[in-house]
Amino acid sequence: IEILKYADSDKSKEIIDSISESDPELATDLNENIFTFNDVIYLKKEDFEKALKNYDDKEIAFLLKGTRPEMKALFFTCVSKRRKEIIEQEIIYLGEVKKQDVDEKRRKFIHYLKELENKGEISLKPDKDIYVT
């Protein structure tokens with residue numbers, strides 16, 4: 001999986017397609033685990049901002065239920081101050097939610113990100129650049 005994460009997306013697809021001929025279940029499992037919700041933290045900021053631009057605030061609030069503070073910080077640095085306030089209110093409004101519901105929303109979000117990548121709008125490859133302030 002780690003090798004596929006860093007490979008060119010066309011090459012990854014080619015490998016998974018090849019595996020699917022002999023083991024479709026393994027291919028599906030690999031495809032689902034190449035990029036997970038926890039991997040969004042490695043995206044380029046501009047790609048993540050672009051992805052969040054048209055994503056529903058309530059859905060973002062759902063995604064952030066039970067996440068680490070650094071994950072929330074990532075999301076909040078990629079939206080406007082006003083949107084951040086709205087999402088924070090939505091998180092409070094949602095209250096307690098089922099983990100399986102959050103997991104399903106996160107899977108849908110990852111599917112959305114993969115669709116954007118397939119359209120060439122963003123890249124899901126890790127940002128390998130080093131930044132300093």
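In this predicted model, the side chain of K84 lies over the face of F76, at 5.3 Å from the ring centre. A second arrangement of this kind involves K105, whose charged end sits over the ring of F62, 5.0 Å from its centre.

Aromatic rings also pair with one another, and the count comes to 8 aromatic pairs. In one of them, the rings of F48 and F109 have their centres 6.4 Å apart and their planes at 80°, so the pair is edge-to-face, given that planes over 60 degrees apart are assigned to that class. Because F48 belongs to helix α4 and F109 to helix α8, this pair ties together parts that are 61 residues apart in sequence. Both F48 and F109 are buried. F109 takes part in a further pair with Y55, in which the ring centres are 4.9 Å apart and the planes stand at 75°, so that this pair, too, is edge-to-face. Here again distant parts of the chain are linked, since Y55 is found in the loop between α4 and α5 while F109 is in helix α8, 54 residues apart. Y55 is buried, as is F109. Taken together, ring pairs link F37, F48, Y55, F75, F109 and Y112 into a cluster.

Several of these aromatic residues reappear in the nonpolar interior. The largest nonpolar core has 30 residues, and those with the most contacts inside it are V40, F48, L52, F75, I87, F109 and L113. Two or more residues of this core are given by each of α4 (45-53), α5 (57-64), α6 (69-77), α7 (81-94) and α8 (99-118), and the largest share, 6 residues, comes from α8. In soluble globular proteins, nonpolar side chains tend to be buried together. The surroundings of one core residue can be listed in detail: when residues up to four places away in sequence are not counted, L113 touches F35, V40, L43, A51, I122 and L124.

Helix α8 may be considered next. Its 20 residues should span 28 Å at 1.5 Å a residue, and its end C-alpha atoms are 29 Å apart, which agrees with that expectation. The buried residues of α8 are V102, R106, F109, I110, Y112, L113 and L116; because they cover an arc of only 155° around the axis, they are placed on the same side of the helix. An α-helix has 3.6 residues a turn, so residues three or four places apart point the same way. The face of α8 turned away from its buried side carries the exposed residues Q100 and N118, whereas the cover over the buried residues includes α4, α5 and α6. After α8 comes G120, whose phi is positive, near 80°.

Helix α7 can be described in the same terms. With 14 residues, α7 reaches 20 Å from its first C-alpha to its last, close to the 20 Å expected at 1.5 Å a residue. Its buried residues are R83, I87, I91 and L94, and, seen down the axis of α7, these fall within an arc of 85°, so they line one face of the helix. The face turned away from this buried side carries the exposed residues K81, R82, Q89, I92 and Y93. What covers the buried residues of α7 includes α4, α5 and α6. This helix is followed by G95, whose phi is positive, near 65°.

Technical notes: Residues are numbered from 1 along each chain as its sequence is written. This is a predicted model: local features need pLDDT of at least 70, side-chain atom pairs count only at pLDDT 80 or more; totals for chains, interfaces and linings use all residues. Side-chain values use heavy atoms; hydrogens and water are left out. A nonpolar core is a set of buried Ala, Val, Leu, Ile, Met, Phe, Trp, Tyr and Cys residues joined through side-chain atoms within 4.5 Å. Buried means under 20% relative accessible area, exposed over 50%, partly exposed in between (1.4 Å probe, protein chains only). Helices (H or I, at least four residues) and strands (E, at least two) are DSSP runs, numbered from the N terminus. Contact means heavy atoms within 4.5 Å. Rings of Phe, Tyr and Trp (its six-membered ring) pair if their centres lie within 6.5 Å; planes under 30 degrees apart count as stacked, over 60 as edge-to-face and the rest as tilted. A charge sits over a ring if NZ of Lys or CZ of Arg is within 6 Å of the ring centre and within 35 degrees of the ring normal. The expected span of a helix is 1.5 Å times one less than its number of residues. The arc is that of the directions from the helix axis to the C-beta atoms.
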